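User: Please take a close look at one part of this protein for me. I would like one connected account that I can follow on the structure.

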Amino acid sequence: MIEQLFGSKTRVKLLQLFMSNPNRAFYVREITRKIDEQINSVRRELANLLNIGIIKSEESENKLYYEVNQKYPHYASLKSIFTNKKAMAQSEFKLPQSGIAAKLSELGSVELAILSGTFTRDDQAGADLLIVGDVNRSKLAKLIQELQEEEGRELDFAVMYPEDFDYRLSVKDRFIINLLGSKKTIVIDTKSRIKQE
């Protein structure tokens, strides 16, 4: 039903991707991999969404990045549609399940995972990835290597046990406060530690 309403399966997948990652910018080839659609249809739908104002674009390091425009008048309504698990479960088109949340979940007991820095193009974040939990270090090393290859750069990341994170948050540790105040995407938050914007 959702794809009939929005007229294109590529458009539905793009809206799912952007609405589920409100502070994350993507470049075209990355988008085609994530939604598993042809580059020409992705480019056409990106142009449509850009023209309507649902997304915005910005060039950085010779790549054109796209992200959702949170100031779009109907942003909240679209977000509620495209992040509604029940509605999306009934949709014929689903994003591939190889997303970062699934990969992080395979590391062990991850209670909190935040993407920032490189992923959100925020140089002031202090880290690109924060993981809170008890994780398998060798699996983590493989995931970091994979993410670095995808991003084409070395990533700054921090891993801490939940009690360490909670303590550092309680004493207003500069690194934690800076990261939480930066542009970020909360990928996992099983204990609802972070208030969503």
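The request and the account below deal with one helix and its surroundings.

User: Which sheet strands does helix 2 touch, and what surrounds the helix?

Analyst: A caution comes before the details: this is a predicted model. Helix 2 covers residues 9–20.

Start with the sheet. It is open and has three strands, in the order 1-3-2. The pairing is antiparallel. Strand 1 (26–27) and strand 2 (55–60) are the edge strands. Each has a single partner strand, so one side of each lacks a neighbour in the sheet. Strand 2 and strand 3 run antiparallel and are joined by six bridges. Within this pairing, Lys56 has Glu67 of strand 3 as its bridge partner. Helix 2 packs on this sheet and touches strand 1, strand 2 and strand 3. The direction of helix 2 makes about 80 degrees with that of strand 3.

Now the core. The largest nonpolar core has 22 residues. Leu14, Phe18, Met19, Ile31, Leu46 and Ile54 touch the most other members. Several elements give two or more residues to this core: helix 2, helix 3 (28–35), helix 4 (39–52), strand 3 (63–68) and helix 5 (75–82). Helix 2 supplies the largest share, six residues.

Ile54 shows how the parts meet. Leaving aside residues up to four places away in sequence, Ile54 touches Leu15, Met19, Leu49, Val68, Asn69, Tyr72 and Leu78. A second core lies apart from the largest one. This other core has 17 residues, including Leu104, Leu129, Ile131 and Leu155.

Back to helix 2 for a charged name in its sequence. Lys13 is found in this helix. Is Lys13 buried or exposed? Lys13 has a relative accessible area of 8%. Buried means under 20%, so Lys13 counts as buried. Its side chain has a polar atom 3.1 Å from the backbone oxygen of Ile35.

For orientation, turn to the other sheet. An open sheet of four strands has the order 6-5-4-7, with mixed pairing. Strand 6 (157–160) and strand 7 (185–189) stand at its edges. Strand 4 (residues 108–115) pairs with strand 7 in the antiparallel sense, over four bridges. Leu112 stands opposite Asp189 in strand 7. Helix 8 (residues 137–151) packs on this sheet, touching strand 5 (129–135) and strand 6. The direction of helix 8 makes about 160 degrees with that of strand 5.

How values were computed:
Residues are numbered from 1 along each chain as its sequence is written. This is a predicted model: local features need pLDDT of at least 70, side-chain atom pairs count only at pLDDT 80 or more; totals for chains, interfaces and linings use all residues. Side-chain values use heavy atoms; hydrogens and water are left out. Buried means under 20% relative accessible area, exposed over 50%, partly exposed in between (1.4 Å probe, protein chains only). A polar contact is a pair of N or O atoms within 3.5 Å; within protein, one must be able to donate a hydrogen and the other to accept it, and residues adjacent in sequence count only if both atoms are side-chain atoms. Two strands pair if DSSP finds at least two bridges between them. Contact means heavy atoms within 4.5 Å. Axes are lines fitted to C-alpha atoms, for helices over the stretch in contact, and angles run from 0 to 180 degrees between N-to-C directions. A nonpolar core is a set of buried Ala, Val, Leu, Ile, Met, Phe, Trp, Tyr and Cys residues joined through side-chain atoms within 4.5 Å.
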